[in-house]
Amino acid sequence: MNLKMIFVRSWGQLGMKYNIFTLGELVTIKYGKNQKKVQSEDGTIPIYGTGGLMGYATDALYDKPSVLIGRKGTINKVHYVNHPFWTVDTLFYTEVNEKLVIPKYLYYLMSLLDLGSYNEGTTIPSLRTETLNRLEFGIPDLDYQEKVLSMLEPIDKKIKLNNEINNNLEQQAMAIFKSWFIDYEPYNRTVPNNWVEYKLSDFLPVITGKKNANVSSSIGTYPFFSCSQDITWTNEYSFEGNAILVAGNGDFNVKFYNGKFEAYQRTYVLIPHNPRFSAWLFYAVKYNLNKITAAARGSVIKFITKGNLENFSFYAPLNLDDFDVIDQFTAINNIITSNREENACLSDLRDILLPKLMSGELDVSDIDI
């Protein structure tokens with residue numbers, strides 16, 4: 001069933017006014033451009049690819065609200081930006097006809113599409129402008145669009161705020177770690193006599209994940225951790241505990257999670273013997289990740305071994321039981337976890353409301369904004 005049929009049926013039943021437009025009538029789809037001439041360490045304008053942020057530019061390709069659509073590679077998600085930006089040539093951006101549709105409303109509407117089903121690539125997933133331009137959408141008047149957005153945008157704003165708080169908390173934790181365990185600021189910048197050199201293996205075993213990537217899904221009961229920054233889901237689990245997850249190859253990164261979960265074969269699972277040390281050791285690994293991965297092997301895809309993690313060494317007090325600084329990291333991670341759980345609930349709520357609002361099943365015409 002196409003979008004036109006869905007919206008005609010539901011809105012027709014509610015007696016609501018709508019018009020059918022093709023995407024080509026709502027937007028002008030534009031190609032991204034090579035970023036090499038504008039990319040700079042001094043740039044402030046984000047450069048986006050299908051995988052997300054790629055760097056910063058000195059000039060903007062477009063400076064109005066826009067819906068971004070993958071052209072090659074990751075094509076199953078759309079993104080919304082409302083600030084000046086640059087997109088590379090694997091990512092379309094759109095010039096939106098705001099007389100017909102509010103850009104953020106179009107973003108929500110297009111997020112309901114399975115764009116992967118329109119793939120026309122053979123080796124690399126691809127979308128063509130000709131196919132995209134023919135897509136049809138039922139569009140209400142601008143006043144009704146504003147009312148729908150008044151229901152959805154506060155949820156996204158709260159999610160964004162929680163993410164910003166979490167980023168700030170992580171930066172604070174990293175600063176605390178650096179002060180105590182790198183610069184030794186409380187001890188006149190020298191290692192105290194009652195501190196000793198530990199190896200990471202003194203606190204935990206380094207275990208590899210159990211599963212192939214084919215067990216992951218967009219839905220499921222338990223998180224599935226891979227080498228990607230993103231988290232997917234599965235209905236199986238092999239691990240339970242207060243864990244540190246380290247990507248073993250590719251995009252080296254480190255995450256923390258407490259509970260039941262599954263992990264990819266090239267992801268290292270670190271569950272400390274003493275849960276009290278989990279958050280502290282997470283920041284020890286996170287702060288020193290570049291140092292740990294400096295010994296990575298491989299000519300095409302870099303990878304680290306269990307030994308790289310097991311033999312990572314650092315100084316800490318001989319008597320850790322009375323070292324209260326460790327508990328500051330736990331307190332910070334507890335707040336971060338709480339915010340993430342709230343975001344998961346908010347995302348579920350938004351995902352329930354979104355199709356009902358877009359189809360007209362939930363009528364917001366009487367709402368005052």
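This text walks through the predicted model of one protein chain, from overall figures to two covered elements.

Start with confidence. The protein chain averages a pLDDT of 92. Of its residues, 96% score at least 70. Residues 1-15 are the stretch to watch: there the pLDDT is below 50. Beyond near neighbours in sequence, this stretch has 28 contacts in the model.

Now the whole chain. Its secondary structure comes to nine helices and 17 strands. Along the principal axes, the C-alpha atoms fill a box of roughly 75 × 45 × 40 Å. The chain has 369 residues, and 44% of them count as buried. Its accessible surface is about 19300 Å². Carbon and sulfur atoms account for 48% of that surface.

How do the contacts spread along the sequence? Take the contacts between residues at least 6 apart in sequence: 70% of these join residues at least 24 apart. Charges come next. The protein chain has 36 positive and 41 negative charges. The mean positions of the two sets lie 7 Å apart.

Turn to strand 5, residues 66-70. Five of its five residues are buried. Which residues point which way? Ser66, Leu68 and Gly70 point one way from the strand. Val67 and Ile69 point the other way. Both sets are buried, with buried meaning under 20% relative accessible area.

Strand 5 also has partners. Strand 6, residues 78-81, runs antiparallel to strand 5, and four bridges join the two. Within this pairing, Leu68 has His79 of strand 6 as its bridge partner. Strand 8, residues 91-96, is antiparallel to strand 5 as well. Here two bridges make the link. Ile69 of strand 5 stands opposite Phe92 in strand 8. Leu68 and Ile69 thus tie the two descriptions together: they point opposite ways from strand 5, and each is named in a pairing, Leu68 with His79 and Ile69 with Phe92.

Next, helix 6, residues 278-287. This helix is mostly covered, with eight of its ten residues buried. Those buried are Ser278, Ala279, Trp280, Leu281, Phe282, Tyr283, Ala284 and Val285. In an α-helix, residues three or four places apart point the same way, because there are 3.6 residues a turn.

What do the buried residues of helix 6 pack against? Helices and strands both take part. The helices are helix 5 (142-182), helix 7 (289-293) and helix 9 (325-359). The strands are strand 14 (239-247), strand 15 (254-263) and strand 17 (313-317).

Definitions and conventions. Residues are numbered from 1 along each chain as its sequence is written. This is a predicted model: local features need pLDDT of at least 70, side-chain atom pairs count only at pLDDT 80 or more; totals for chains, interfaces and linings use all residues. Side-chain values use heavy atoms; hydrogens and water are left out. Buried means under 20% relative accessible area, exposed over 50%, partly exposed in between (1.4 Å probe, protein chains only). Contact means heavy atoms within 4.5 Å. Accessible areas come from the Shrake-Rupley method with a 1.4 Å probe; for residues, only the protein chains shown count as cover. Lys and Arg count as positive and Asp and Glu as negative; His and the chain ends are not counted. The place of a charge is taken as NZ of Lys, CZ of Arg, CG of Asp or CD of Glu. pLDDT is the predictor's confidence in each residue, from 0 to 100. Two strands pair if DSSP finds at least two bridges between them.
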